[in-house]
Amino acid sequence: MSSSALPDRARVVILGGGVIGASIAYHLAHAGVTDVVLVERDRLTSGTTWHAAGLMTCFGTTSETLTGIRLYSRDLFARLEAETGLSTGFRPVGVIEAVGDRDRLEEYRRVATYQRRLGLEVHEIGPAEMKDLFPLADMDGLVAGFHVPGDGRVNPVDLTMSLVRGARALGVTVVEGVSAGDVTTRTDGALPRVTGVRTSAGDIECETVVNCTGMWARQLGEQHGVVIPNQAAEHYYLITDTIPGLDPDGPIFEDPARYGYYREEGGGMMVGLFEPVAAPWHLDRIPEDFSFGTLPPDWDRVSPALETAMSRVPVTFDVGVRTFFCGPESFTPDRLPAVGEAPGLQGYFVAAGLNSVGILSSGGLGRVMAHWITTGRPDVDVTAIDVARFKPHQLHRDYRRDRVMEVLGRTYAAHTPGVELTTGRGTFVSPVHDEMVAAGARLKDVSGWESADWYAGDGQVPRLTPSWSRQPWFDCWEAEHRAVREAVGLIDMSFMATFAVTGADAGAVLERVSAGHVDGDVDRITYTQWLGPDGGIEADLTVTKRDENDFLVVASDTAHGHTLAWLRRQVGDADVAIDDVTEATGQLNVQGPRSRELLAELTDSDLSNEAFPFRTARRVTLAGVDVLLVRITYVGELGYELYVAREDAGAVWLALRERGTAYGLVPVGLRALGSLRLEKAYRDFGHDIDNTDTVGSAGLGFAVDPGHDFIGRDAVLAERVAPRHDRLVQVLLSDPGPLLFGAEVVLRDGVPVGDVRSASYGWTLGAAVGIASVAADGPVTPAWLDEGTWTVDVAGVRVPARVSLRPLYDPTSARVRT
């Protein structure tokens, strides 16, 4: 395939000629954007695409976005040859996912139910049926399997070339043998903007750059402060000599418990390996001249895992090995892709960090990225994969080394509730970290922060066993939950993203960005959303007006980078300063019906309902410390948020605990925070709501003030006239026994109409509770809900449920305003 000359300008420049870059070019062209140049430093596929195993598997995720990406890819691979004349090598031979233990069986049953609703055909089968489909495998120790007949295999190089031919046919320019240097920028308001790319063949002006450079993406992004913390690691597979009678159209077989995947290749058997002890490769810099390269295998490290994998298909021991391959693949800290527009550089997009699923994701991801680039917004939920979620500390060498060893080693691990990553911990610690540990906190990683999930009690050591069932520590969780409902709880939330927004134009900018009226009275907090022009939710947060031209914005930890970037993109030339004060600020929550009594003992300020009503935010002296005291709640009770300088937070915590004993105060972790807020049906951006939701579909219309002009206002008003046919509802199981974890399918009259987005156990309501998205043929109304018989599929068992548009706990919020 010949290369074209480099033009001096284009609308979009794609860096990287692997399957991802090729797919984005193809989909941009089909979206009508043909002024595109794809630049490859060597030859197409020369990075990691060429040696990919070529699995096209959809099964295994409870993400609607990732399932949709995979289903679209599979469909594209099947039809692309008819368009381009080049085969992708796609063969729908089927895939079998083997299960050897009850925990994984529970997980896969939940996954299968969820993905069936999204259109994936998947069947649970027994060992005998598995043996019929894949006779060479030893079924010893296996209890079940999940067969996906439409999945299969694809040729990565052929696929890439087919995509490139399709792109070229529509006018895209593809240039090989040209390496990218610096990205040029200019100042544009509060953020710089891309203006072009310097290459070994000259400069090219452009509006958009897309970093699709795979394992090189991190070092290219670092040139402009773009955090893409993917890290290359060794990946192994072998191909045996010919095995007589091996069916070339036999299914792919995966056995995660034995670390292996198996398929026919050239008459032999490919045995792929995801070993439990992985090895990073080139922690400092990936060599820029590494093309079509292989790595020397580490036999001592890999042999035990390889023998375990081969033991599932014993015939592999009896034939010779034709090829033993070791090559690099790159992985992100959470094993999710890094995609989207960089938070600190306008016009700089990323599509990298595909974690060994780049081939099977390439078609759908290319479509998503093309839509995002051409329209300015993604049309799928990207809250979990947005490149803005990463933080600079994740670029550190030691962090990447430790984390890639762990995440690659857990590629085939079960996802039992309670399983957590252990590397890279302790980057950020709460100002009351030591106090929480002394109280027996079970710490968990919250966006890099060490935060309390639940408390075992003062001086106690918390213990947790991952499980799908109830555990002894549930008693601690329940006690914390009930303390907030009946007395008072103390919750550390210092991990929340906190920004000081000041300047002569601060109020005007925040008023234009916010769907609620935020630039009103001083000493007032407003819960609001930030919307895109189409009405899609970009952020869900609070804005506190502390003084004229002085505001405090508080958003969720998971949306930290995106929220900050969204605001900066709206500033333009306005007189606004935005300071990230998260690490300098302690946030302590005092929540519960006795919270006012307790705080009144520690301050001379009048906290009565008349003097300090709901949504008041005022500076007070509390326990001798200057505190911004805000009357607001995320648990559905009378409560307060306390914002205090980091160095003073410990003193406030200790004073609250000392005086709080008389009022029944206990430290409360995030587990109880979750169960409390879900009983009240409070939303959580990135979990219950995302960028595809609107204030109407999310049930947040009460937070909108249509009397002022804000981004997305026209879309909000239009939706009030013609509501969407999907809506968030609260779901409560009628049986107190089963547990919900999210992604369970919701059925009305036996027909799947939605799924649970997040869930917990409602100790006050007496059963598992969650927030679900459901869809109808028309608007979702109370009558439509009431007329249906509702169930939730919990791992294959349909449990009766109640659904509601209004919160099932304190629907009038009388307790909040008391």
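Gln394 touches Pro229, Pro333, Tyr399 and Arg400, leaving aside residues up to four places away in sequence. The model examined here is a predicted one. Gln394 is found in the loop between helix 8 (358-375) and helix 9 (397-409). Buried means under 20% relative accessible area. Gln394 has a relative accessible area of 11%, so it counts as buried. Its side chain has polar partners. The side chain of Gln394 reaches the backbone nitrogen of Lys391 at 2.9 Å. The side chain of Gln394 also makes a polar contact with the side chain of Tyr399, at 3.1 Å. Tyr399 is thus named both among the residues touched by Gln394 and as a polar partner of its side chain.

A second glutamine, Gln219, was examined in the same way. Gln219 lies in helix 6 (residues 217-222). Its relative accessibility is 6%, and therefore Gln219 counts as buried. A polar atom of the Gln219 side chain lies 3.0 Å from the backbone nitrogen of Ile286. Ile286 is also one of the residues in contact with Gln219 when neighbours within four places in sequence are left aside. The others are Asp284, Arg285 and Glu288.

Two residues with positive phi come next. Thr45 is not a glycine, yet its phi is positive, about 75°. Thr45 sits in the loop between strand 2 (36-40) and strand 3 (55-56). Its relative accessible area is 2%, so Thr45 is buried. Asp523 is not a glycine either, and its phi is positive at about 65°. The loop that holds Asp523 runs between helix 12 (506-513) and strand 25 (524-531). Asp523 has a relative accessible area of 27%, so it is partly exposed.

Helix lengths were then checked. Helix 1 (residues 19-30) has 12 residues. At 1.5 Å a residue, it should span 16 Å, and its end C-alpha atoms are 16 Å apart, so the two values agree. Helix 1 is mostly covered, with 11 of its 12 residues buried. The buried residues include Val19, Ile20, Ile24, Tyr26, His27 and Leu28. After helix 1 comes Gly32, with a positive phi near 95°. Helix 11 (residues 474-486) has 13 residues. It should span 18 Å at 1.5 Å a residue, and its end C-alpha atoms are 18 Å apart, which agrees. Phe474, Trp477, Glu480, His481, Ala483, Val484 and Arg485 are buried in helix 11.

Strand 14 (residues 252-255) is covered on both faces. Ile252 and Glu254 are buried on one side, and Phe253 and Asp255 are buried on the other. Strand 14 pairs with strand 4 (residues 95-99) in the parallel sense, over three bridges. Here the bridge partner of Ile96 is Phe253. Strand 14 also pairs with strand 15 (residues 260-265), this time antiparallel and again over three bridges. Glu254 stands opposite Tyr261 of strand 15 in this pairing. Strands 14 and 15 form a hairpin with four residues between them. Tyr259, in the turn, has a positive phi of about 70°.

A closed barrel was also found. It has six strands, in the order 34-37-36-35-38-39, with antiparallel pairing. Neighbouring strands of this sheet are turned by 40° against each other on average, direction ignored. Strand 34 (residues 726-733) and strand 37 (residues 767-775) run antiparallel and are joined by seven bridges. Within this pair, Val729 stands opposite Ala772 in strand 37. Helix 16 (residues 670-679) packs on the sheet and touches strand 34, strand 36 (751-762) and strand 37. The direction of helix 16 makes about 130° with that of strand 36.

Nonpolar cores complete the picture. The largest has 72 residues. Leu733, Val774, Trp784, Trp790 and Val792 touch the most other members of this core. Strand 37 gives the most to the core, with six residues. Leu733 touches Pro738, Leu740, Ala767, Ala768, Val792, Val799, Pro800 and Ala801, not counting residues up to four places away in sequence. A second core, separate from the largest, has 59 residues. Val154, Ala370, Trp372 and Ile373 are among them.

Terms used. Residues numbered from 1 in each chain as written. Predicted model: local features only at pLDDT ≥ 70, side-chain atom pairs only at ≥ 80, totals over all residues. Heavy atoms only, no water. Pairing = 2+ DSSP bridges. Axes fitted to C-alpha atoms, helices over the stretch in contact; angles between N-to-C directions. Contact = heavy atoms within 4.5 Å. Expected span 1.5 Å × (residues − 1). Buried < 20%, exposed > 50% of the residue type's maximum accessible area, 1.4 Å probe, protein only. Core = buried A, V, L, I, M, F, W, Y, C linked by side-chain atoms within 4.5 Å. Polar contact = N/O pair within 3.5 Å; in protein donor to acceptor, adjacent residues only side chain to side chain.
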